[in-house]
Structures are given as C-alpha cells and as structure tokens.
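Trainee: I should like to learn how to read the features of a structure that is new to me. May we begin?

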Amino acid sequence: MAGIAAKTGHQNVAMLGIGAYRPRRLVSNDEICDVLDSSDEWIYERSGIRNRRWISGDENARTMAAEAARRAIANSGIPPEKIGALILATNSWKTKIPHGGPIVAYDIGLNGIPAYDVAAGCGGFGYGLGIAADTVRAGSAEYVLLVGVETMSVVMEPTDRSTAFIFGDGAGAVVVGPSEENGISPTVWGSDGENAEAIGQNLDIPEYMDRAERMQHLDPETDPVGRMYVTMEGSKVFRWAAITLPKALSSVLETSGLAADDIEVFVPHQANARINELMKKNLGLADEIPMANDIENTGNTSAASIPLAMEEMLATGKAKGGQTALLLGFGAGLSYAGAVVTLPPAPGRTSFDDLG
C-alpha cells in the first residue's frame with residue numbers, strides 16, 4: 001500500500017509587505033460628547049484617545065479590506081497570482097453566512113483560493129499571523145495574505161460610557177511568505193472562557209427555537225429585532241489583563257529565544273494607552289524603545305489594530321523595516337496572541353495617502 005503524501009514548506013517565514021486603509025472621517029472626542037455624557041479630558045485621561053476614524057460615504061468593511069489587501073500585495077512585491085490563501089481577521093463583518101474571506105479574495109482578483117475568517121476578538125490578527133506562518137511552514141501555501149478589518153462604529157451603542165468612545169474603523173493587511181531568515185516566532189496564544197462574557201453583545205443567535213417560535217419571530221410587530229452592539233465590563237477586562245498579559249509577554253519572549261534587550265519596537269494592541277505604557281514598563285523596555293500609539297488618533301480597531309499600528313510606525317519613520325518587534329493582541333474571548341517579528345519594509349503607498 002502506498003503511503004499518504006505529505007507537503008513540506010519553508011521553516012523561515014516573515015511579513016514581506018504591509019498595507020492599510022484608514023477611513024476619511026475623523027471623529028474627535030468633542031463630537032463623541034455631543035451624544036455621550038463625557039468630556040474630551042475624561043476620555044483622553046482614561047484611554048489616551050483624542051480622535052478615531054469612522055467609515056462614511058461608500059466606505060465599508062468590504063471596501064477597506066480589499067484596499068488594504070491590494071496595498072499589502074503591491075508593497076510586498078509578490079505577484080498576486082502567487083498568493084495561495086487569504087485569512088480575514090474580523091469581528092464586525094456584517095454576516096456570518098457568508099463569511100467575508102471569499103468575498104475579499106474575489107474583490108482583489110483572487111477568486112478560487114482558500115479564504116476564511118478568524119474571529120478571535122482583538123487578538124484576531126495575532127491568531128491569523130500564527131496560522132499564516134504555520135501554513136507557509138507546512139507547505140499548504142507559499143504566500144498567505146492576512147487581513148484585519150473592523151467597522152466597530154456600527155456595532156456600538158453611542159450612549160454607552162463603557163464602549164462608545166473607544167472604537168474606530170479601519171483595515172490592515174500583511175503578506176506572509178518564505179524568507180532567508182526567520183521573521184515570525186512561534187505564536188504564544190491562549191483564552192479564558194470562564195470570563196468570556198466580560199466582552200460580548202446584547203443580542204444573540206437563539207440557541208433553540210421550534211417552528212411556532214420561528215414563525216412568531218418573523219413578525220416584527222410582535223417581536224421587533226433590535227440592533228446588535230458590543231457590551232463590555234471594563235473593570236473585569238482590566239483585572240484579567242493585569243494578571244494575564246505580563247505572563248503572556250514573558251512567554252512570547254521566552255518562546256522566541258530572545259530577551260527584552262533584543263526588542264527594538266513594541267506594538268501592543270491599541271486598546272488603552274495607559275495599559276500599554278504599564279506593559280512596556282513591566283517588561284523593562286528602555287524608555288527610548290518606540291511603542292505604537294496609533295490609538296491616539298485611530299481608536300481601538302480590534303482585529304485591525306496591530307497592522308494599522310505597525311503601518312503607522314513604518315510610514316512615519318517611528319520604526320524601520322527589519323527591526324525586531326514584539327506584538328501582543330488581546331480582548332474578547334477572552335483571548336490573547338503574541339509573537340516576536342521582523343517588521344516588513346516601510347509601505348510605498350500608505351493609508352495616510354487617502355487622508356490628504
């Protein structure tokens with residue numbers, strides 16, 4: 001009997017190109033406070049956010065994901081036809097059925113390749129990066145396109161003081177492929193389902209509904225359907241983060257084979273500037289080590305947060321391609337994922353080109 005065939009890939013992988021898209025509309029804290037009972041000072045002190053970007057006009061998750069993807073491919077220099085798979089990290093795509101990955105692949109002219117979604121909260125990009133790297137290492141695809149996209153502005157309650165000022169919209173993408181030297185460490189990831197409901201949603205898909213109930217739910221006058229939005233227990237999430245993230249960061253460094261002194265750039269998920277400052281201090285990173293602060297004018301873009309933050313640092317010269325960076329995403333699930341990476345080259349066309 002013949003043996004079952006197996007594939008082999010490339011042990012050394014890296015991010016070869018990055019692309020991003022930022023919505024044109026800039027929303028200040030003062031504009032948020034037209035509806036929310038708060039102030040610019042209160043929001044900035046607690047989150048580090050001054051502005052965020054929200055979709056407007058013809059912008060949506062689909063258009064942003066496709067544009068970020070096109071730019072990542074162009075900036076990588078890899079011919080589009082060599083992209084062998086697409087991973088879409090998102091929590092706010094408008095449908096579960098169909099999922100978004102195949103739609104984005106079609107929009108960028110890659111219809112037919114394997115394409116699927118990863119929903120792992122704000123850690124989604126980190127999960128996707130680990131899967132993309134392992135896909136190349138296993139030989140399942142030579143090049144993988146990873147896209148993180150969110151339209152968080154459409155899944156939040158404008159008067160909720162826990163969430164309304166936090167979130168923004170945007171998309172970031174990277175091309176992952178073989179390289180001479182390894183540029184993506186093994187992923188350190190985990191989850192805590194015991195505290196999962198600390199970040200959730202107000203409306204769920206019913207667990208069970210018989211035919212009579214289903215017929216009743218078809219009548220909007222007897223059971224009006226509300227709009228789904230994100231909910232969060234901020235203090236519970238903060239306590240979880242304070243306990244879990246220091247251990248996660250130490251594990252990322254240990255797994256990568258590097259030490260804190262080897263890190264040249266710190267790119268944490270853009271959830272809260274104060275939390276990020278605390279993580280940097282606890283890691284013992286020197287003051288001069290640049291740390292992403294995209295949250296100040298972009299807000300928390302969930303699964304798009306890390307690629308957007310990387311792109312901002314590269315585009316503005318705060319970081320340089322080839323530097324060693326520590327990444328960590330964390331949030332709903334509750335989940336986290338981190339890795340040490342070599343930053344991709346600075347983008348040719350950046351997301352800031354759209355903004356004038």
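**Salt bridges, cavities and domains**

Mentor: E312 and K318 join their side chains in a salt bridge, at 2.6 Å from N to O. The model is a predicted one, in which local features need pLDDT of at least 70 and side-chain atom pairs count only at pLDDT 80 or more, while totals for chains, interfaces and linings use all residues. Residues are numbered from 1 along each chain as its sequence is written, and side-chain values use heavy atoms, with hydrogens and water left out.

Trainee: What is a salt bridge, and how many does the structure hold?

Mentor: Side chains of opposite charge can pair when their charged atoms come close. The term requires a side-chain nitrogen of Lys or Arg within 4 Å of a carboxyl oxygen of Asp or Glu. The structure holds 13 such bridges.

Trainee: Are E312 and K318 buried or exposed?

Mentor: Buried means under 20% relative accessible area, exposed over 50%, and partly exposed in between, with a 1.4 Å probe and protein chains only. E312 counts as buried because its relative accessibility is 8%. K318, at 47%, counts as partly exposed.

Trainee: Which residue forms a salt bridge with D58?

Mentor: The partner of D58 is R24, and the closest N and O atoms are 3.3 Å apart. This pair links distant parts of the chain, 34 residues apart: D58 is in the loop between β3 (51–54) and α3 (61–76), and R24 is in the loop between β1 (13–21) and β2 (25–28). Such helices (H or I, at least four residues) and strands (E, at least two) are DSSP runs, numbered from the N terminus. D58 has 58% relative accessibility and therefore counts as exposed, whereas R24, at 43%, counts as partly exposed.

R24 also meets the side chain of E59 in a salt bridge, at 3.4 Å from N to O. R24 lies in the loop between β1 and β2 and E59 in the loop between β3 and α3, so this pair ties together parts that are 35 residues apart in sequence. E59 counts as buried, at 5% relative accessibility.

Trainee: Which residues are linked in a network of salt bridges?

Mentor: The network links E67, R70, R71 and R349.

Trainee: How does one find empty space, and what lines the largest cavity?

Mentor: Rolling a probe the size of a water molecule over the atoms shows where empty space is left. On a 1 Å grid over the protein atoms alone, a cavity is a set of points where a 1.4 Å probe fits but cannot get out; lining residues have an atom within 4 Å of a point. Grid points are joined across faces, edges and corners, and a volume is the space filled by probe spheres set on the points.

The structure holds 1 cavity of 30 Å³ or more. The largest cavity encloses about 50 Å³, and its lining includes F125, T187, I306 and L327. The elements that give two or more residues to this lining are α5 (124–138), β12 (324–331) and β13 (335–342).

Trainee: Where does UniProt place the C-terminal domain feature?

Mentor: The unreviewed UniProt entry places "domain: Beta-ketoacyl-[acyl-carrier-protein] synthase III C-terminal" at residues 253–342; positions follow the numbering used here, feature names are shortened, and annotations may be inferred rather than shown by experiment. Over residues 253–342 the chain is 34% helix and 22% strand, with the end C-alpha atoms 14 Å apart.

Note on methods:
1 Å grid on protein atoms, 1.4 Å probe; cavity = no way out; pocket = protein on both sides within 12 Å on 5 of 7 lines; lining within 4 Å.
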